[in-house]
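Visitor: Could you take me through the reasoning behind some of the labels used for this model, setting values against cut-offs as you go?

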Amino acid sequence: CVGFCWGGGMTNQLAVHSPRLAAAAPYYGMAPDSGDVPHIKAKLLLHFAENDPRINSASAGYEAALKAAGVSYTAYRYPGTQHAFNNDTNAARYNPEAAALAWRRTIAFLNETLRA
C-alpha cells in the first residue's frame with residue numbers, strides 16, 4: 001500500500017488493521033495511535049518532509065513505538081522539503097529531486113519486500 005498525505009495516514013491505518021498487508025509506504029501521513037502500533041505486521045517505508053510540523057510532531061513517538069514493537073521499518077526525512085513535496089500540481093511545495101528519490105526508494109522497497 002502506498003499513500004500520500006491523507007492517503008499516507010490511511011496507509012498507516014491499513015497497516016494497523018490488516019495483518020495480511022506485507023508492505024506499506026506512507027508519504028507524510030498521520031501516525032497511528034502508539035497503542036495500535038504493535039498490531040502492524042507489514043514492513044514500512046516512511047517518508048517525511050523536513051518542514052512539516054503537524055506530521056513531524058508525532059513522528060518521533062511513532063518511530064519509538066515501532067522500535068518497541070519490533071516492527072520492521074525504514075524512515076527518511078527529505079531535507080528542504082515541505083508537506084506534499086511529491087505533489088507535482090503544487091509548484092510551491094513540489095520538490096522534483098526529493099519526489100524522484102522517494103519514488104525510487106518506494107519501488108525498490110516494494111520489489112524487495114513483495115518479490116522476496
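Visitor: Why is His83 called buried?
Guide: In this predicted model, His83 has a relative accessible area of 10%, and since buried means under 20%, His83 counts as buried. His83 is found in the loop between β4 (73–82) and α3.

Visitor: What makes the pairing of the side chains of His83 and Asp52 a polar contact?
Guide: The two side chains come to 2.6 Å, and because the limit for such a pair of N or O atoms is within 3.5 Å, the term polar contact applies. Leaving aside neighbours within four places in sequence, the residues in contact with His83 include Tyr28, Arg54 and Arg93.

Visitor: Why is the pair of Tyr28 and Phe85 called edge-to-face?
Guide: The ring centres of Tyr28 and Phe85 are 5.3 Å apart and the planes stand at 70°; because rings pair within 6.5 Å and planes over 60 degrees apart count as edge-to-face, the label follows for this pair. Tyr28 lies in the loop between β2 (23–27) and β3 (43–51), and Phe85 in the loop between β4 and α3, so the pair ties together parts that are 57 residues apart in sequence.

Visitor: How do you know whether Tyr28 and Phe85 are buried or exposed?
Guide: Tyr28 has 2% relative accessibility and Phe85 has 0%, and as buried means under 20%, Tyr28 counts as buried and so does Phe85.

Visitor: Why is Trp103 called partly exposed?
Guide: Trp103, found in helix α3, has a relative accessible area of 41%, and because buried means under 20% and exposed over 50%, with partly exposed in between, Trp103 is partly exposed.

Notes:
Residues numbered from 1 in each chain as written. Predicted model: local features only at pLDDT ≥ 70, side-chain atom pairs only at ≥ 80, totals over all residues. Heavy atoms only, no water. Helix = DSSP H or I, 4+ residues; strand = E, 2+ residues; numbered from the N terminus. Buried < 20%, exposed > 50% of the residue type's maximum accessible area, 1.4 Å probe, protein only. Polar contact = N/O pair within 3.5 Å; in protein donor to acceptor, adjacent residues only side chain to side chain. Contact = heavy atoms within 4.5 Å. Phe/Tyr/Trp six-rings, centres within 6.5 Å; stacked < 30°, edge-to-face > 60°.
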